[in-house]
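Here is a walk through one protein model, taken a part at a time. Keep the sequence and the 3D view open while reading.

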Amino acid sequence: MTERPLTGRIRPGAPPPDREAYERAGGYQAMRRALLHMTPEEVVGDVTKSGLRGRGGAGFGTGQKWSFVPKPKPGQRRYLVANADEMEPGTFKDRLLLEGDPHQLVEAVVVSAYALQATDAYIFVRGEYKLAIARLTQAIGEATAAGYLGTDILGAGYALSLHLHASAGRYICGEETALLTALEGRRALPRSKPPFPQVSGLWGAPSVVNNVETLCNVPHIVNNGPEWFKGLGIGPDGGTKLYGMSGRVRRPGAWELPIGTPLREILEEHAGGMQEGYRLRALLPGGASTAFLGADQLDIPMDYGSVEKAGSRLGTGTAIVLDDRACPVGMIRNLEHFFAQESCGWCTPCRDGLPWVERMLQALEEGDGEDEDLAQLQRHVGLLGMGKTFCAHAPGAMAPLGSGLQKFREEFAQHVHQHRCPWPAGGLH
Amino acid sequence: MSTAETLADSASETLPDALREEIRLLGQHEAHPRAACIEALQRVQREFRWVSDAHLREVAGLLGMSAADLDGVATYFNLIFRRPVGRRVLLLCDSVSCWLMGRERLEAHLSARLGIRPGQTTPDGDVTLLPTVCLGHCDHAPALMLGDALHGDVDTQKLDAILEAAG
Ligand SMILES: Cc1cc2nc3c(=O)[nH]c(=O)nc-3n(C[C@H](O)[C@H](O)[C@H](O)COP(=O)(O)O)c2cc1C
Ligand code: SF4
Ligand code: FES
C-alpha cells in the first residue's frame, strides 16, 4: 500500500481528529522528538537531507530556504509563517489539510519554528476558508491548553506564540513578501528582493514563509527520517504530493500520491477519466499560472523537473482540465480576467498590460479580433515575462497565454477569420 | 428611499463602546497596532455589514493610523466593503474551474431571478451579488458562498433552493 503521511488521518465527511485523537494516531511525537532530543540544527539538517521542496508553487528547497536565516541574536524576534492563502484558481489542496487535520499543521508549525528558533508564528489563511478558520482556532486552543504552544513548551525551554491571521481576499497576498506586508497592516504590495525575508522580513526581522503542505511534511520527516521520505517519491523528488483535478472529469478531487506519479494515472485512475461526451483537449498541470500541456503529454511524471522539461511547471499540483466543448480562447480570457483584476498595480507592465490582454481576448471572443491582435498578444507574453515585472504575478499570467497561443493557434485564428467564437455559447454549456 | 439609503442606515452612528474597546485591545496585542487593522475592519463589518467613512475614521484613530492610510488598506482587499451591501452577500465564483463547469449560466439565472447585475444589491436590500475569485472548492465547481456558507456542485435548481432556504 502506498503511504499517505499527510492525509492518513483525514476521514472525508467526518470532523477532524481533536488533540487526543491526533495523539492516539501518533500525533505530537515529532514535536517531542525534536524539542526534547534534537537540536534545531539537527531538524534543519534532516529537512535538508530529505530533499523536501516547496509545495507553494516555486519548488524551492525547504532546507536551503531555511539555511539563509541568520543565527539567532538574543532578544531578537524571528518569524515563521504558514501560507494558507490558497487563492490560485483551480487550487484546493491546502484546504484539505487545514480542514481535515488542523493539529498536523499546528505540530508542523511548532517543529519548524523550533528548527528556525522562531519566537512567533503565523498561519495566514484566506478569510473565505471559514471552516478551516474555525477548526484551526479550535486546534490552537487545544494545543495551547496542553502546553504545546506558549512559554517553555514540554519543559524544553522553547517558547512560541502562534497567531491565526484571516485575510480579506486578495490573491497577491499569497506572494510571500506581499503576505508579510499584509501582516504589517499595510497595502499588500510585494517587496523587492534582496533583502530576502529570511534576513529582513516581518517588521524587518528574519522571517520564513512556507506553504501549508510543505510544512505538514516536516513532522513526518522528523519521525521517520530523510531516507524514508526520499523513498516515498517515484522519481528524483522525495515525498508524496497532493495532486488534484477539476473540470469535466468523472471524479474531480485531490489525492495524496507519490511525487512523480504520471499525469495519465492521475487523470485516468484517480479522476476517473473524462466525463461521458467530453474529450481532453489540454490541461494546466498546477494551477492557473502554469503553462498548458497537451493531451499528447499525459505520460509526463508529475515531478518538478519533468514538468519543467515539458514546458510547464508542477506549480501547486492541482490540474485544471480543458475539454473539447469549451472554448480555449474563452478559458484564457477567464484566466487573464483573474490576473488583471488581482494585479496589485505597482508596476506598469502588469497593471496596464494585463487589462489590455484581457480586452484583446474579449474582442476575439466577441468576433472583433484582428490578426494584429494575435501578434500583440504574443508581444505581451514577452513584455510581461519573467524579469520584466516586480514580482512573479505577471509572468504567471503569461504562462497559460503564451502556451495557449502556441497550442491553440488554429482556434485563435478561427476567432479572427470567422468573426465570432466558433464554440456555441462559449463556456455556457 | 433609494436602495443606498436603506442600506446606509446605521453607518453614520459611532461604533458601540464595546467594539471600540475590542479594537483598541486588538491593537494593543500587536507590537505595532496597525497590524490589527484588517481584523478590526472585519469586526466592524460583522456588526454593520460594511465600513462607512465615519467608522473607518474611528478605527484609524483607535489604531494610530490616518484615515487615508487605513482607507488605502481597506480598499485593497476584495472583501472589505466600503459601500453598503445587502443583508446577505452572495459570492459567486468566476474563476476558471467554475467557468468550465458552467458558472455563466448561474450568473444569468441569478441576475434574472434577483433583477440585478453582479455588483448590485436587490432594491429591498436583501441580497448583494458579487463575483469572487476561486473559492478553493473547484472539485465541486461551480461554487458559491452565501454569507459564511459554502455551496458546491450548484445548478440552477440548487441555487433556488439555497436562496429560499436561507431567505
Ligand atoms: C502571485 C503569487 C501568489 C502566490 N500565492 C501563494 C499561495 O496562495 N500559497 C502559497 O503557499 N504560495 C503562494 N505563492 C508562492 C509564495 O510566494 C512562496 O513562494 C511560498 O509560499 C513559499 O512556500 P514553499 O517554499 O513552501 O513553497 C504565490 C506566489 C505568487 C507570485
Ligand atoms: S507584477 Fe503585478 S502583482 Fe507583481 S508587483 Fe507588478 S503590478 Fe504588482
Ligand atoms: S474555480 Fe471556482 S471554486 Fe475554484
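The model is predicted. Begin with ligand 2 and the shell of residues around it: 9 of these residues are nonpolar, 4 are polar and none is charged. Cysteine counts as nonpolar in this grouping. The shell has 13 residues in total, and those that come nearest to ligand 2 are A:Cys344, A:Trp346, A:Cys347, A:Cys350 and A:Cys391. As for the space itself, ligand 2 takes up the largest cavity.

Now step back to the whole of chain A. The domain assignment splits chain A into domain 1, residues 19-232, domain 2, residues 243-323, and domain 3, residues 328-427. Domain 1 of chain A and domain 3 of chain A touch each other, with 9 residues from domain 1 and 10 residues from domain 3 taking part in the contact. The centres of these two domains, taken over C-alpha atoms, are 36 Å apart.

How much area do domain 1 of chain A and domain 3 of chain A bury between them? The value is about 930 Å², and 73% of it lies on carbon and sulfur atoms. On the domain 1 side, the residues that lose the most area to domain 3 are A:Arg170, A:Tyr171 and A:Leu189, which together make up 47% of what that side buries.

A:Arg170 appears again in a charged pair: its side chain forms a salt bridge with the side chain of A:Glu342, at 3.3 Å from N to O. Across the interface of domain 1 of chain A and domain 3 of chain A, the rule finds 1 salt bridge.

Terms used:
Residues numbered from 1 in each chain as written. Chains lettered and ligands numbered in written order. Predicted model: local features only at pLDDT ≥ 70, side-chain atom pairs only at ≥ 80, totals over all residues. Heavy atoms only, no water. Near = heavy atom within 4 Å. 1 Å grid on protein atoms, 1.4 Å probe; cavity = no way out; pocket = protein on both sides within 12 Å on 5 of 7 lines; lining within 4 Å. Sits in = over half its atoms within 2 Å of the grid points. Domains from an automatic or database assignment. Contact = heavy atoms within 4.5 Å. Buried area = accessible area lost by both parts, 1.4 Å probe. Salt bridge = Lys/Arg side-chain N within 4 Å of Asp/Glu carboxyl O.
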